[in-house]
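User: I am new to this protein and would like a close look at its main open space, with one helix afterwards for comparison of style. Please walk me through it slowly.

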Amino acid sequence: MASVQDIGLSAAINLLSAFAFLFAFAMLRLQPVNDRVYFPKWYLKGIRGSPTRSRGIMTRFVNLDWTTYVKFLNWMPAALKMPEPELIEHAGLDSAVYIRIYLLGLKMFVPITLLAFGVLVPVNWTGETLENIDDLTFSNVDKLSISNVPPGSPRFWAHITMTYVITLWTCYILYMEYKAVANMRLRHLAAESRRPDQLTVLVRNVPPDPDESVNEHVEHFFCVNHPDHYLCHQVVYNANDLAKLVAQRKAMQNWLTYYENKFERKPSSRPTTKTGYGGFWGTTVDAIDFYTSKMDILAEQEAVEREKIMNDPKSIMPAAFVSFRSRWGTAVCAQTQQCHNPTIWLTEWAPEPRDVFWDNLAIPYVELSIRRLLTTVALFFLIFCFMIPIAFVQSLANLEGIQKVLPFLKPVIEMKTVKSVIQGFLPGIALKIFLIILPTILMTMSQIEGYTSLSYLDRRSAEKYFWFIIVNVFLGSIITGTAFQQLKSFLEQPPTEIPKTVGVSIPMKATFFITYIMVDGWAGIAAEILRVVPLVIFHLKNTFLVKTEQDRQQAMDPGHLDFATSEPRIQFYFLLGLVYAAVAPILLPFIIVFFAFAYVVFRHQVINVYDQKYESGARYWPDVHRRLIICLIISQLLMMGLLSTKKFAKVTALLLPQPILTFWFYRYCAGRFETAFSKFPLQEAMVKDTLEKATEPNLNLKEYLKEAYVHPVFKGNDFDRPRAVDEEESNPLVRTKRTSQGTTRYNSEASSSATATPVANTGSPRLM
């Protein structure tokens, strides 16, 4: 078990690392050559045109003003002083609510910590149980935990009382935050300027029709069933192959630009390259001619693929973006069932155009359930296979295990400094390294599931990441043994024994999580603000591929706030705090430092660096709330399991109402606030429509929506862009190519309308 000295050494290493990262950031951000890396949002918004510098060649790259170095930490108070409304206007509601999550942690854990140190620490410290157990190795840190309280002691009443206090305080804070975020979202939607997604729905699983194409069928259906509000639509094309060709051509263009720049700098000799992959092997050829020919070949392939998409009916997917004349009509369509068959004509709010994940729009709807089933199975095996490296990491903290496997290292391990590093620093950093590749794997799995927006991909990836760190980082770090031994243990024992098994191990693992928090929450967050990878990429692009100011703007790689990994990591610290609040309060100060430090760092990041790929209006908040409730219930169950092993089982029954009441609280909050994040009130929609008609009576919505949901590979090419279909304004009848006059079950399901409608080409009424 790590001692106070081990924790102190780990704290010193991580604090020095964090300070080094912050110092490097403070120095690098002042240099003019890095201005676009650390302030990209200002350039993208047009607020900043060039870094502030005096005349001279040297000052183009290095800041020689020594007064700026004296105030190198002035970014911290500047970031904290920005009011929340200004932050929302500048960085978006998603970023502002993300910052509030850190404040939520401080609101929750500062009072809990003060109360725990005032009540539980004296109760645990004076228990004197560990000192009376023979052949038991422990440290002063362990005496602060519940392990030092003797079994059956009335001291456990303090812990039971604290669990109720923690639950009540946590629920109160979560309720107030849910209410505040819901109000912020409603105000945001009411004040938000016009966007294409406010007037558009995504229609999936359009049924086939023997007489009409998908294009005609969609127009026909919405003209019949939404005659007063339907405006136009854009069918979805399977342009994935074309998108790959476009991406390849852009890559070739980058290399061509690089060699053209190289030739301009040295006109005396033509640059050369090799025909093999990456230019590392193969025949040596003229680089400019080689990439020019590659560009020509790809341009021809693009033209062929575009022609195929435009002329092949199979390239049109049974889906479309349908736009309406008003937000009211859009809300009615997006939030209602369109057909008596609930498996066809599925409508949902369209993502904003920059939020659309175009690759997944081409996936047939019937495949989605199969994909999601296979992904769930794959996630299960991923979680339990990852327990193997996690178990190995935990063995690093066991000096006896290392000495047994590698006895020749015993003299080195027994050195005081080496022992402190192994127990206080190595396990946390090793676990962090193992988790680096995980977000990429989980995002790929979410993409395979077939979700059609980047925001939903982030939310699904966050859900996977949350359960992964619960099972592996939390449970996997607490329960000893190999991965499948742990799985076998959980499967063989009754469900009521699982909280006991985990609860007994929790107090003795507090020091490991202390080191993990310091590595991930202190040094890790400080390293994130340095942005090493974007810094290197920008300068490589700037050196080799940039010729004009426009190229320089495109070379910027502004950061994107990754909700998929950031949210679950925050919630993991909520779980640690809630579990250990009444068990080992020594962990709480480290969690408070994490929330405070992360709040300062990320508030600066969202102001200057992060440029969101999308704006969901804090739609992810219900997921955050639900996972925090899960953390609270887990902490309650584990506390019950732990107390049941302390000869206090009968009194432990007093804790049974806690998870029940907590779940009831979750259901109440969901019923009270969750609809604000999934539906748009018709009253609000009508207000915005009325206001827009009064202020912009001559607005041409068709022109506004014309290219909003055109696939990116078609934009900018008017001669071959798919046409957005408009409604028939000049003819009140709905045109159809159907020749059959009788009503069939197939036609009824396909059109799902029981209204007699005149058919334009026959003039006879029929059921559509």
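The pocket comes first, then the helix.

Analyst: Happy to! This is a predicted model, in which local features need pLDDT of at least 70 and side-chain atom pairs 80 or more, while totals for chains, interfaces and linings use all residues. Residues are numbered from 1 along each chain, and side-chain values use heavy atoms, without hydrogens or water.

The largest pocket (an open set of 1 Å grid points fitting a 1.4 Å probe, with protein on both sides within 12 Å along at least five of seven lines) holds about 1,600 Å³, the space filled by probe spheres on those points. Its lining (an atom within 4 Å of a point) has 49 residues, and nearest the centre are Pro-439, Glu-528, His-560, Asp-562 and Thr-565. Several helices (DSSP runs of H or I, at least four residues) supply at least two lining residues each, including α1 (4–28), α20 (438–449) and α27 (563–580). The largest share, seven residues, belongs to α24. By type, the lining has 28 nonpolar residues, 12 polar and nine charged (Asp, Glu, Lys and Arg).

Now the helix: α32 runs over residues 682–695, 14 in number. Buried there (under 20% relative accessible area) are Ala-685, Lys-688, Asp-689 and Glu-692. These buried residues fall within an arc of 100 degrees, seen down the axis of α32 (by directions to the C-beta atoms), so they line one face of the helix. They pack (heavy atoms within 4.5 Å) against α8 (156–191) and α12 (327–334). On the other side of α32, Gln-683, Leu-691 and Ala-694 are exposed, that is, over 50%.

Methods:
Expected span 1.5 Å × (residues − 1). Buried < 20%, exposed > 50% of the residue type's maximum accessible area, 1.4 Å probe, protein only.
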